[in-house]
Amino acid sequence: MTSHGNSDTFSLGSRQVKRLGYGAMQLAGPGVFGPPKDRHVALTVLREAIALGVNHIDTSDFYGPHVTNQIIREALHPYPDDLVIVTKIGARRGEDASWLPAFSPTELRQAVHDNLRNLGLEALDVVNFRVMIGDGHGTQEGPIEESFSVLAKMQQEGLIKHLGLSNVTAKQVAQARDIAEIVCVQNEYNIANRQDDALIDALAAERIAFVPFFPLGGFTPLQSSTLSEVAMSLNVTPMQVALAWLLHRSPNILLIPGTSSVAHLHENMAAGKLHLSDDVLATLDGISLKGQTNG
């Protein structure tokens, strides 16, 4: 079921943010490791995002590591009053660019302090706990209370304003909410990958934001003839349609498409103005069903 989420803002904790934000992941080098090819371009993209009205930036100190946060600080500090910077912790990078879990109390505290220092902040607006159980890809059941309690304590200490979760199951959301209020959930979700439909609707009823990562399919971009045909009929790109579909899907969905190019940033932002008719939405909803029947 697709519902029409037409408002262009939604609450993220105590703040209202525009539903089309910006994800900073691609500002680091290849494989989200090391510095960008062109630091000046990275700074320009961030400043242009703010100029276009973006007031929600998603980042992490393990992008780079440290690279994206330092670029955000250089580009935008002192930050606009309405800007909400969301970061995530719970992982670290190996020397070989691998992604490793880092959710011991010491590692979580260290990560919060690294984010504060690299972003130049005294308190973090929102911190998502990124759950890595098993191989770290996809969600997997398992207890998260011990780690999440560490973040709840840092929130009480005033280092974190709001808490969220990333890469979690509905059960883990419930575990965390028994400990502290959460303001957002960040999971993989897109037009062809809709296993979180029920979770999105449950969170919407509670006024909790859902932030899809890989809204365009991630490392294996969405390939769909239906998507391409709809895009052609509207004279826009398939990716713009995929983003617009997410905005129509539910009013609590906040988007954080990332890019390291100004032209691509403008293209992503234009998706926020794209209206999809009921007929088009019904056609697009069929993409997911097709994917499920074919395997």
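Which residue forms a salt bridge with E74, and how far apart are the closest N and O atoms? The legends below describe close-up views of a predicted model, and the opening view gives the answer.

**View 1. The salt bridge between E74 and R39.** The partner of E74 is R39, and the closest N and O atoms of this salt bridge are 2.9 Å apart. E74 belongs to helix α2 (residues 67–76) and R39 to helix α1 (residues 39–51), so the pair ties together parts that are 35 residues apart in sequence. E74 is partly exposed, its relative accessible area being 40%. R39 is also partly exposed, with a relative accessibility of 34%. A search of the whole structure yields 13 salt bridges.

**View 2. The salt bridge between E157 and R109.** The side chains of E157 and R109 form a salt bridge with an N to O distance of 2.7 Å. E157 is placed in the loop between α4 (145–156) and β9 (160–166), whereas R109 is part of helix α3 (residues 105–119); the pair therefore ties together parts that are 48 residues apart in sequence. The relative accessibility of E157 is 40%, which counts as partly exposed. R109 is likewise partly exposed, at 28%.

**View 3. The salt bridge between K161 and D125.** In this pair the closest N and O atoms lie 3.4 Å apart. K161 lies in strand β9 and D125 in strand β8 (residues 124–130), so the salt bridge ties together parts that are 36 residues apart in sequence. K161 is partly exposed at 45% relative accessibility, whereas D125 is buried at 9%.

**View 4. A salt-bridge network.** R194, D197, D201, R249 and D285 are joined into one network by salt bridges that share partners.

**View 5. The buried residues of helix α2.** Helix α2 is mostly covered, with 7 of its 10 residues buried. These buried residues are V67, T68, N69, I71, I72, A75 and L76. They pack against α1, β4 (56–60), β5 (84–89) and α3. E74 of the same helix is partly exposed, with a relative accessible area of 40%.

**View 6. The packing of α2 with α3.** The axes of the two helices are 8 Å apart and make an angle of about 30°. On the α2 side the contact comprises N69, Q70, I72 and R73, which meet N115, R117, N118 and L119 of α3. By class, this contact has 2 nonpolar, 4 polar and 2 charged residues. Two of the α2 residues in the contact, N69 and I72, are also among the buried residues of that helix.

**View 7. The surroundings of A28.** A28 is located in the loop between β3 (22–23) and α1. With a relative accessibility of 6%, A28 counts as buried; the cut-off for this class is under 20%. Leaving aside residues up to four places away in sequence, A28 touches F33, G34, P35, P36, Y63, G64, V67 and T68. Of these contacts, V67 and T68 are listed among the buried residues of α2. The C-alpha atoms of A28 and A97 are separated by 12 Å, with the two positions 69 residues apart along the chain.

**View 8. The aromatic cluster around W99.** The count of aromatic pairs comes to 5. One of them is formed by F62 and W99, an edge-to-face pair with 5.8 Å from centre to centre and 90° between the planes. F62 lies in the loop between β4 and α2 and W99 in strand β7 (residues 99–101), so the pair ties together parts that are 37 residues apart in sequence. F62 is buried, at 8% relative accessible area, whereas W99 is partly exposed, at 36%. Ring pairs link F62, Y63 and W99 into a cluster. The charged end of R93 sits over the ring of W99, 3.6 Å from its centre. Y63 of this cluster is also one of the residues touched by A28.

**View 9. The aromatic pair of F213 and F214.** The ring centres of F213 and F214 are 5.4 Å apart and their planes stand at 85°, so the pair is edge-to-face. F213 is buried, with a relative accessible area of 15%. F214 is partly exposed, with a relative accessibility of 23%.

Key: Residues are numbered from 1 along each chain as its sequence is written. This is a predicted model: local features need pLDDT of at least 70, side-chain atom pairs count only at pLDDT 80 or more; totals for chains, interfaces and linings use all residues. Side-chain values use heavy atoms; hydrogens and water are left out. A salt bridge is a side-chain nitrogen of Lys or Arg within 4 Å of a carboxyl oxygen of Asp or Glu. Helices (H or I, at least four residues) and strands (E, at least two) are DSSP runs, numbered from the N terminus. Buried means under 20% relative accessible area, exposed over 50%, partly exposed in between (1.4 Å probe, protein chains only). Contact means heavy atoms within 4.5 Å. Rings of Phe, Tyr and Trp (its six-membered ring) pair if their centres lie within 6.5 Å; planes under 30 degrees apart count as stacked, over 60 as edge-to-face and the rest as tilted. A charge sits over a ring if NZ of Lys or CZ of Arg is within 6 Å of the ring centre and within 35 degrees of the ring normal. Axes are lines fitted to C-alpha atoms, for helices over the stretch in contact, and angles run from 0 to 180 degrees between N-to-C directions. Ala, Val, Leu, Ile, Met, Phe, Trp, Tyr, Cys and Pro count as nonpolar, Asp, Glu, Lys and Arg as charged, and the others, Gly among them, as polar.
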